[in-house]
Amino acid sequence: MHELNQEIKKTVNIPGYEIKAIIHESNAHLIYRALKIDDKSEVIIKTFVDKYPKKEDLLKIQREFKITHHLKIDGVIKFLNIIPHSNGNLAIIMESFGLSLNDYLSNFENCILPINQFLPIAIKITKVCGFIHDKKNNS
């Protein structure tokens, strides 16, 4: 997890949330660990890197929220809310989770898990993907 530098902390303002750290950064999205100010619950926030995202990107994140918000599958992060913030941008608020798989793998040499740890994780991911696929086909 990246420590939040002051420059990013100043430029990211999502009402009702205090940004604590960057979990992941890509060309399109920033994912933060944050605190919901009113009840101090820890959440994950996903938003766009661009200050002025394209309309199609906004539609895409709205669709992502709509689809995942209704999934009630053990092992799938719960999407709690989608909120507008600066310059017409959107942020998806998700339940907090422990360690990301990427961070977990970084604890191992060459990011390679021992087989006795790899198989249970791979089986769990496969089961979750199967549940999502079944849910999609039954919708």
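## Helix 2 and its surroundings in a predicted model

In helix 2, the residues Asp57, Leu58, Ile61, Phe65 and Thr68 are buried. Viewed down the helix axis, these buried residues of helix 2 fall within an arc of 105°, so they line one face of the helix. This arrangement can be set beside a general property of such elements: an α-helix has 3.6 residues a turn, so residues three or four places apart point the same way. The structure described here is a predicted model, and the statements that follow should be read with that in mind.

Helix 2 spans residues 55-69, and its 15 residues reach 21 Å from the first C-alpha to the last, which is close to the 21 Å expected at 1.5 Å a residue. The cover over its buried residues includes strand 4 (42-48), strand 5 (79-85) and strand 6 (89-95). On the face of helix 2 turned away from the buried side, the exposed residues are Lys55, Lys66 and Ile67, so that face carries an isoleucine as well as two lysines.

The wider setting of this helix is a protein whose secondary structure comes to four helices and six strands, arranged along the sequence in the pattern β-α-β-β-β-α-β-β-α-α. Of the 139 residues of the protein, 32% count as buried, while the accessible surface comes to about 9,500 Å², with 56% of that surface belonging to carbon and sulfur atoms. Among contacts with a separation of 6 or more, 37% are accounted for by residues 24 or more positions apart.

Two residues in loops deserve a separate look for their backbone angles. Most residues other than glycine have a negative phi. Lysine 40, although not a glycine, has a positive phi of about 60°, and asparagine 110 likewise has a positive phi, near 60°, in a residue other than glycine. The table sets out where each residue is found and how accessible it is.

| Residue | Phi | Loop | Relative accessible area |
|---|---|---|---|
| Lysine 40 | about 60° | between strand 3 (29-36) and strand 4 | 54% |
| Asparagine 110 | near 60° | between helix 3 (101-105) and helix 4 (115-137) | 63% |

Are these two residues buried or exposed? Lysine 40 is exposed, because its relative accessible area of 54% lies over the 50% cut-off for that class. Asparagine 110, at 63% relative accessibility, also counts as exposed.

How values were computed. Residues numbered from 1 in each chain as written. Predicted model: local features only at pLDDT ≥ 70, side-chain atom pairs only at ≥ 80, totals over all residues. Heavy atoms only, no water. Buried < 20%, exposed > 50% of the residue type's maximum accessible area, 1.4 Å probe, protein only. Contact = heavy atoms within 4.5 Å. Areas by Shrake-Rupley, 256 points an atom, 1.4 Å probe, with all protein chains shown as cover. Expected span 1.5 Å × (residues − 1). Arc of directions from axis to C-beta.
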